[in-house]
Amino acid sequence: MKLELVAVPVSDVDRAKAFYTEKAGFHADHDHTVSAEIRFVQLTPPGSACSIAIGKGIVEGEPGSVRGLQMVVADIEAAHADLVARGAEVSDVQDLDWGRFVFFADPDGNKWALQQLLPRG
């Protein structure tokens, strides 16, 4: 089994799509309006095999209710600099015992973490 799609509830699909593509650097894979009640948007972080789905009529849950989505990066400093250059509001790099992290949220408050794994030794 492979996890390939995670649903993220948002209040404004266009605003969220702009955030994820312009500020977070995700690739817009699909944006399909099925009907007046259903719109499916699939976005993928660079280098990821797993995507997120946002839209209308496809995601249950309150906008902003997702917490703890995490992506792993090879270089947290470079990832932080890229997000800042794109205009995303992100935390400073935080050094914790289990990795180096940067945190951010989408316009609805769905929370993300970027982690650089520490060498095991």
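Here are four short exercises on this chain, each with a worked solution.

Keep in mind that this is a predicted model, where local features need pLDDT of at least 70, side-chain atom pairs count only at pLDDT 80 or more, and totals for chains, interfaces and linings use all residues. Residues are numbered from 1 along each chain as its sequence is written, and side-chain values use heavy atoms, with hydrogens and water left out.

**Exercise 1.** Work out which pattern of helices and strands the chain follows.

Start with the terms: helices (H or I, at least four residues) and strands (E, at least two) are DSSP runs, numbered from the N terminus. Next, take the tally, which is 2 helices and 8 strands. Finally, read along the sequence, and you get β-α-β-β-β-β-α-β-β-β.

**Exercise 2.** Check how the radius of gyration of the chain fits the value for a compact globule.

The radius is taken over C-alpha atoms, and the globule rule is 2.2 Å times the number of residues to the power 0.38. Put in 121 residues and the rule gives a value near 14 Å; the chain has 15 Å, so the two agree. For the outline, the C-alpha trace spans about 55 × 35 × 25 Å along its principal axes.

**Exercise 3.** Find where the partners of the Asp108–Arg15 salt bridge sit.

First, the rule: a salt bridge is a side-chain nitrogen of Lys or Arg within 4 Å of a carboxyl oxygen of Asp or Glu. Asp108 and Arg15 pass, at 3.1 Å from N to O. Now place them: Asp108 is in the loop between strand S7 (99-105) and strand S8 (111-116), while Arg15 is in helix H1 (residues 13-23), so this pair links distant parts of the chain, 93 residues apart.

**Exercise 4.** Decide whether Arg100 is buried or partly exposed, and do likewise for its partner Glu77.

Grab the cut-offs: buried means under 20% relative accessible area, exposed over 50%, and partly exposed in between (1.4 Å probe, protein chains only). The side chains of Arg100 and Glu77 form a salt bridge at 2.8 Å, N to O. Arg100 belongs to strand S7 and Glu77 to helix H2 (residues 76-85), so the bridge ties together parts 23 residues apart in sequence. Arg100 has 19% relative accessibility, so Arg100 counts as buried. Glu77 has 40%, so Glu77 is partly exposed. To put Arg100 in context, buried residues make up 39% of the 121 residues in the chain.
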